[in-house]
Structures are given as C-alpha cells and as structure tokens.
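Subject: Handover of a protein model

Dear colleague,

Please find below the structure that I am handing over to you. My notes follow it, and I would be grateful if you read the two side by side.

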Amino acid sequence: MGHIRLGALPRSKKWRDVVGLIDSGASVDVIAEAAAKASERDLSLASKDPRFQFVAALLVRLPLLARAPGFEDALADLGCGDSPLTSVASLLAGLDAAIERQSFATGQASDAGLLAKSALLETLSVHLRNRLPSLFEPTSQEIRMALGEFASGDRFATLARDFFARLTYRSLDYYLSRELANHIGQDRRFATDAQRVAFQQALAQHSYEASRIVQEFAGGWFGKTVWQRQALDQDAINRFTDYAFKKMRSELGRRRDPV
C-alpha cells in the first residue's frame, strides 16, 4: 500500500524557526502558528489522500444516514461488519474497520489520514457517550438516535468543531512532540517532563479555542448544503474541509481569551 508520510519538517528552515521559538520560551500561540505554517504544505498534500477524504465524508454523512431508513444496511455497505450498533464501542470498531478497508482498496494512505481517523473516532466516542445513558448499555435505537441528533446545523457545528480541534492538535503535536523531548532538563524550556505535558495540554486548549471559527460557519454550511438539497458529494465535502483548515490556520496565531 502506498503511504504518504509526514515528517520532512526538521530539515526545513521553517521548522528550524519553530525550534528557535521553543528554545526562546515563546508562548503556545506563537509556536502553534509557526508549526502550522511549517507543516502547511505537508498537511495540504496529505488531505488529498483518499482515507482523509473518506473520514471527512463520514463526519458529514453519518448523522444523516442515522436519520434515514436502513441505517444498519448503510453501515454494512460502508464495511462496518455485523451488528455495529450493539454498543458505542462496536460502532467505533466498525467505522475503524471501514476506514482501513477503504484504505486497502485504494492502495493509498497517509499519516494525516490516520490522524483524521483517530480524531473522528475520539470525537464520536465523546459526543455519543455524553448523549447516552450511563447506567445501562444503550440500545441500538438509542445509539442511532444519538448520532442522528447531529443532523441539524447547530449540533453538526459542535461536532465539526470538536473534530477539527482534535485533528489540529494531533497534527501539530505530530511534529512538535518529537522535538519537545529535546528541550527537557536543567536550563532548558521544560525543567521537568510534567512541564512538557502541561505545554501539550495548553496546545490542545489553544487548538480548541481556534476551532471556534469552524463552529461559526459549519452549521450554516451544513444547513445550506443538506436542507436546501444541494449536492453533498465528495467534492463539496472536500471544499468544506479545505475551507475549515484555511480558517483554522488563520486563527492559530491569534491571542484570545480562554473559552
């Protein structure tokens, strides 16, 4: 299988600038902006990967499929296996299998596609469990109804924001985590590993704050595209994700008050 790997950044001038910012004690938002610029080309190329696009299509279409007749048949057609609605864990495992099966069928994959898959599964896990009973195992109908709730503009916007926040953090951390380990110790950026972890937590929060811009337009896009019955094909979804990334990049370097 062809694999598009990320990771050429440590040899680039832009990446050396990122390392210099870490050394100088620059703030999280400044480092995040620089890392986003340094990784922009790699990530934009990887977003063309079929696995990345398939994940984006699942984000948009799953809530609509959950509201439509024949949801279990639709999951089977996606390659989710038998009885994916017996639990949230089964649904997530089925989606994981479907994404990997699609990657094998196309013969292409990318690290960015893998990051997107992890972000999607984590987002769905958090939001579904928040909407389902905690004392008893939810029924298949309850799981379906919880997922179908995101087929409205406002709730899809919340789901999309969380997905892009997690994906942005994972993408930045993909590069930064390998470098941060070199900056732990006496007279370095992080005196202890706990300080390095705190930095990564602040980076995750910064990514979430920047993702507010996605929430602001995602609901309107979803409503216009779906409920006005415009074409919801892969090209339309790709344009949505490309615009979301563009807006995220524009936000990453801005200082903002905590959400």
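The notes below begin with the chain as a whole and then turn to helix packing and to single residues.

This is a predicted model, in which local features need pLDDT of at least 70 and side-chain atom pairs count only at pLDDT 80 or more, while totals for chains, interfaces and linings use all residues. Residues are numbered from 1 along each chain as its sequence is written, and side-chain values use heavy atoms, with hydrogens and water left out.

The chain as a whole

The secondary structure of the protein chain consists of eleven helices and two strands. Here helices (H or I, at least four residues) and strands (E, at least two) are DSSP runs, numbered from the N terminus. Read from the N terminus, the order of elements is β-α-α-α-α-α-β-α-α-α-α-α-α. The chain has 259 residues, and 48% of them count as buried; buried means under 20% relative accessible area, exposed over 50%, and partly exposed in between, with a 1.4 Å probe and protein chains only. The exposed surface of the protein chain is about 12700 Å², and carbon and sulfur atoms supply 50% of that area. Accessible areas come from the Shrake-Rupley method with a 1.4 Å probe, and for residues only the protein chains shown count as cover. Among contacts between residues at least 6 apart in sequence, 77% join residues at least 24 apart, where contact means heavy atoms within 4.5 Å.

Helix packing

Three helix pairs are described here, two of which involve helix α8. Axes are lines fitted to C-alpha atoms, for helices over the stretch in contact, and angles run from 0 to 180 degrees between N-to-C directions. Angles under 35 degrees count as roughly parallel, over 145 as roughly antiparallel, 65 to 115 as roughly perpendicular and the rest as oblique. A crossing is left-handed if the near helix is turned anticlockwise from the far one by less than a right angle, and right-handed if clockwise. For the residue classes, Ala, Val, Leu, Ile, Met, Phe, Trp, Tyr, Cys and Pro count as nonpolar, Asp, Glu, Lys and Arg as charged, and the others, Gly among them, as polar.

Helix α3 (residues 50-67) and α8 cross at roughly 155 degrees, and their axes come within 10 Å. The two helices are therefore roughly antiparallel. Their crossing is right-handed. On the α3 side the contact is made by F52, V55, L59, V60 and P63, and on the α8 side by F156, L159, F163, F164 and L167. These residues divide into ten nonpolar, no polar and no charged.

Helix α8 also packs against helix α11 (residues 234-252), at an angle of about 65 degrees and with the axes 11 Å apart. This crossing, too, is right-handed. From α8, the residues F156, A160, F164, L167, T168 and L172 meet F240, T241, A244, F245, M248 and L252 of α11. The contact comprises ten nonpolar, two polar and no charged residues.

Helix α6 (residues 111-131) and helix α7 (residues 140-148) pack at about 115 degrees, with their axes 9 Å apart. These helices are therefore roughly perpendicular to each other. L124, L128 and R131 of α6 make the contact with I143, A146 and L147 of α7. Five of these residues are nonpolar, none is polar and one is charged.

Single residues

K117 is located in helix α6 and counts as buried because its relative accessibility is 9%. Apart from neighbours within four places in sequence, K117 is in contact with V55, D96, I99 and E100. K117 and V55 are 62 residues apart along the chain, yet their C-alpha atoms are separated by 6.1 Å.

A210 lies in helix α9 and is buried, with a relative accessible area of 0%. Its C-alpha atom is 8.7 Å from that of S250, a residue 40 positions away in sequence.

Two loop residues have a positive phi although neither is a glycine. S83, with a phi of about 50 degrees, is in the loop between α4 (71-78) and α5 (88-106). S83 counts as partly exposed, at 47% relative accessibility. D187, with a phi of about 65 degrees, is in the loop between α8 (153-180) and α9 (193-210). D187 counts as exposed, at 77% relative accessibility.

With kind regards
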